[in-house]
Amino acid sequence: MNERRRPAVRTVAVLSPRPGPPHPHQATHGRTFGLSHTSSRQLPDKDDTPTAEDPTPTALPERQPAEDGHRDDAHRDDEEAAQADTEPDAGEATAAEDTATGASAARDTAKPGDASTADGTPEPGDDSATDGTPKSGDDSATDGTPKSADASTADGTPEADDAPETAPGPEAAAEAEAEAGAEATPDTSAVPETDPDPAVPDPSTPDAATPDPSTPDAATPDPATPDPDTPDSAPARPGWRGRHPDAARVLAWTATGIAVALVLFALLVPNDLARFTPSRFVRIPAEGILGAALLLVLPPKPRRILAVVGGVGLGLLTILKFLDMGFYWSLERPFDLVLDWVLLDDAESFLKDSIGGGGALAVMIGAIALAVAVIALMTWSVVRLTRLMASRRHFAGRTLLVLGTAWMTCSVLTLEVAGVPVASRSAATLLENRAHAVRAGIKDGQAFARQASVDAFADTPSDQLLTGLRGKDVIFAFIESYGRSAIDDPAMTEPINETLTAKTKELNDAGYSSQSAWLRSPVAGAGSWLAHSTFLSGLWIKNQQRYRNLTSGNRMTLTEAFRRTDAWRTVGIMPGVTRAWPEGKFFGLDHIYDSRELGYQGPKFSWSPVPDQYSLAAFERLEHGKKHSKPLMSEIILTSSHNPWAPIPKTIPEDQVGDGSVYDAIHDAGKDPKEVWKDPAKVRDEYRKAIQYSVTSLVDYVAKHGNKNTVLVFLGDHQPNRTVTGDKAGRDVPIAIVAHDQGVLDRISDWGWTDGLKPASDAPEWRMDTFRDRFLTAYGPEPTS
């Protein structure tokens with residue numbers, strides 16, 4: 001057996017504690033050794049502790065060459081390598097957090113290198129003999145003393161290279177107990193550890209229990225030594241993770257999986273429900289790879305800051321995508337970060353009208369709570385994944401390298417899954433497009449002001465306006481959500497066409513002629529007032545900012561043109577207006593009848609405050625049926641075909657309309673909108689019925705109460721939402737002009753419109769903002785340049 005003589009080291013053991021901090025070498029070595037072990041060994045029973053009669057020498061004899069316990073060089077190198085530090089697994093590191101708390105105090109006072117218990121006896125599972133000889137992996141000699149690699153004495157003073165070795169003393173035993181506490185994993189079957197005080201010797205060791213009379217300090221006990229029965233000596237209680245390591249490990253990996261899923265969802269989820277398909281979630285996001293790489297190379301403090309900022313940004317991106325989903329579903333366009341915030345107030349009003357104040361408040365609170373939760377969860381996810389990457393830098397770096405290579409390969413080869421590119425940069429593209437939209441929104445006010453300043457009819461004398469309609473009672477009627485899908489959709493074409501054909505015949509029988517075509521609305525799904533303003537002003541009113549700029553200016557609208565001539569009395573029937581509407585003055589109406597002035601005493605039909613048949617009956621009673629010195633120009637808004645299309649009023653004999661209380665029974669017998677909206681097919685069916693009701697009410701009124709001077713222009717304001725139209729519907733709406741005087745229609749003979757109320761599929765399609773100038777031109781002199 002190869003033997004190697006170790007250099008002799010002189011060690012001096014002092015039994016009494018010395019005040020002051022430990023030697024720097026000893027403290028540093030102890031902490032390093034303690035943190036690099038995570039073994040789980042049980043402490044021996046108290047009965048194995050040596051008694052006070054055991055000899056406790058004050059100095060250790062000079063070290064002699066090891067004989068029986070000496071190891072060859074190869075054997076020692078293998079055992080030293082086995083003690084090398086290994087980083088714990090990510091799941092096990094979480095479970096070991098609580099054990100580190102109980103072991104930290106012991107590591108501060110313990111001297112590494114001894115694996116025996118506090119009484120000098122080896123631990124269970126230790127390779128040392130019961131006589132104190134070292135185990136095979138220990139770096140001490142056969143007498144249990146530390147080898148020369150430990151360059152300090154028992155009291156922390158540096159050793160001399162030629163000092164003799166000593167036998168194991170009580171302080172070495174105390175150090176071993178501290179080491180064992182640092183290495184042990186909490187076990188319910190193990191003897192609980194005590195909380196050692198680094199400034200005071202452990203009273204359970206031989207030095208504390210039986211002071212050596214030969215030492216100078218033995219006669220006077222240390223007043224700082226705590227009583228073993230005090231709370232400071234109570235056993236340490238392991239945490240939940242220590243008591244349930246397997247459950248903690250599963251919980252940690254589950255949380256990590258949730259964090260990964262949330263981050264991928266935020267980066268890959270589309271902002272349009274129409275594109276919400278499984279293939280969208282099997283892509284590789286470039287933004288995630290680049291962001292993770294940046295977090296990995298940053299120093300700790302900037303990395304933590306960027307992780308929080310990135311998490312908040314990811315949460316805001318997710319909220320923006322949710323807003324886009326809602327706007328695409330209802331308005332067929334994304335949310336405008338500059339111009340659309342005011343619409344949230346309109347959404348609140350819509351909810352109050354539809355489900356009541358309490359329901360609207362609950363929805364708003366839920367939306368705010370959801371927004372806060374999204375930001376908090378995304379921040380937590382990014383921070384957690386950042387910590388995991390930092391703790392396993394090599395593995396994270398290799399993973400990012402693989403993913404980056406895969407992304408570049410898929411991008412170059414244009415690989416797709418179900419028509420969706422695998423290499424994704426959708427989040428970056430969305431933010432880039434939104435940045436352009438923000439800049440455009442900021443400049444939109446100036447662009448609109450330039451457009452509004454150009455008005456071909458602004459300087460036209462009033463006596464030359466609308467000369468082709470003098471003496472006529474003109475009605476402009478808007479039917480809510482009456483879009484092209486109602487006529488072209490195969491699921492609705494047949495019943496709607498039957499209604500339009502029947503009503504065309506009814507008008508013909510009453511002496512009226514009609515022509516129809518298509519107009520393209522600036523909005524879809526909602527935003528009726530924007531469509532009304534576009535039609536009347538001749539400007540493309542696509543957002544609320546433009547609407548406010550329009551109504552605060554002096555642009556001449558169609559209704560204002562009638563008022564300027566002083567040849568008509570102008571009135572408005574607005575059952576959807578339930579509160580003050582100061583913008584009404586801009587549209588040039590002498591009087592506006594809102595829902596409060598129509599005298600309706602019946603129930604609301606979901607959002608619609610007043611049934612269409614009642615609104616027309618009120619118009620006849622309040623204005624049209626009375627004698628006036630001037631003909632009427634009327635703007636009538638019909639709201640019964642407004643979303644959610646349930647319950648729907650029914651046409652009843654006009655003499656039964658009365659004050660509207662007759663509609664109570666009709667409302668109660670109607671369908672519950674919550675039940676209807678569970679099935680898109682039922683939604684489309686109810687929408688179709690609502691359009692039929694509104695068209696029927698309007699045509700029946702004109703056929704009965706119109707006269708030879710009646711001119712009716714009616715149109716839809718916008719398409720319904722995607723639940724009805726599907727994903728690829730346009731923004732066209734039908735428009736028709738009905739007149740008893742054939743000369744009225746002769747003036748538009750060059751428009752190429754279709755005869756009847758149903759426009760042909762190849763009928764002209766105009767932008768809605770072009771109608772004003774065409775109409776004023778057809779029924780008046782040529783506009784001045």
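1. Let me start with D685: at a relative accessible area of 27%, D685 is partly exposed (buried means under 20% relative accessible area, exposed over 50%, partly exposed in between, with a 1.4 Å probe and protein chains only). Its salt-bridge partner is R688, with the closest N and O atoms 2.4 Å apart; a salt bridge here is a side-chain nitrogen of Lys or Arg within 4 Å of a carboxyl oxygen of Asp or Glu. R688 has a relative accessible area of 16%, so R688 is buried. Both residues sit in helix α22, three residues apart, about one turn of the helix (helices are DSSP runs of H or I, at least four residues, and strands are runs of E, at least two, numbered from the N terminus).

2. A word on what you're looking at. This is a predicted model, where local features need pLDDT of at least 70 and side-chain atom pairs count only at pLDDT 80 or more, while totals for chains, interfaces and linings use all residues. Residues are numbered from 1 along each chain as its sequence is written, and side-chain values use heavy atoms, with hydrogens and water left out.

3. Helix α22 turns up again with K671 and E686, whose side chains form a salt bridge at 3.0 Å, N to O. K671 lies in the loop between α20 (663–669) and α21 (673–676) and E686 in helix α22 (residues 680–705), so this pair ties together parts that are 15 residues apart in sequence. The two ends are not equally covered: K671 is partly exposed at 45% relative accessibility, whereas E686 is buried at 5%.

4. For a longer reach along the chain, have a look at R546 and D444, which meet in a salt bridge of 2.9 Å, N to O. R546 belongs to helix α17 (residues 544–551) and D444 to helix α13 (residues 426–452), so the pair links parts that are 102 residues apart in sequence. Both R546 and D444 are buried.

5. The overall count is 30 salt bridges. There is also a salt-bridge network worth clicking through: R484, D488, R520, D732 and E765 are linked in it.

6. Lastly, a helix pair. The axes of α9 (residues 286–297) and α10 (residues 300–331) come within 8 Å and cross at roughly 150° (axes are lines fitted to C-alpha atoms, for helices over the stretch in contact, and angles run from 0 to 180 degrees between N-to-C directions). The two are therefore roughly antiparallel (angles under 35 degrees count as roughly parallel, over 145 as roughly antiparallel, 65 to 115 as roughly perpendicular and the rest as oblique). L294, L295 and L296 of α9 touch R303, L306 and A307 of α10, contact meaning heavy atoms within 4.5 Å.
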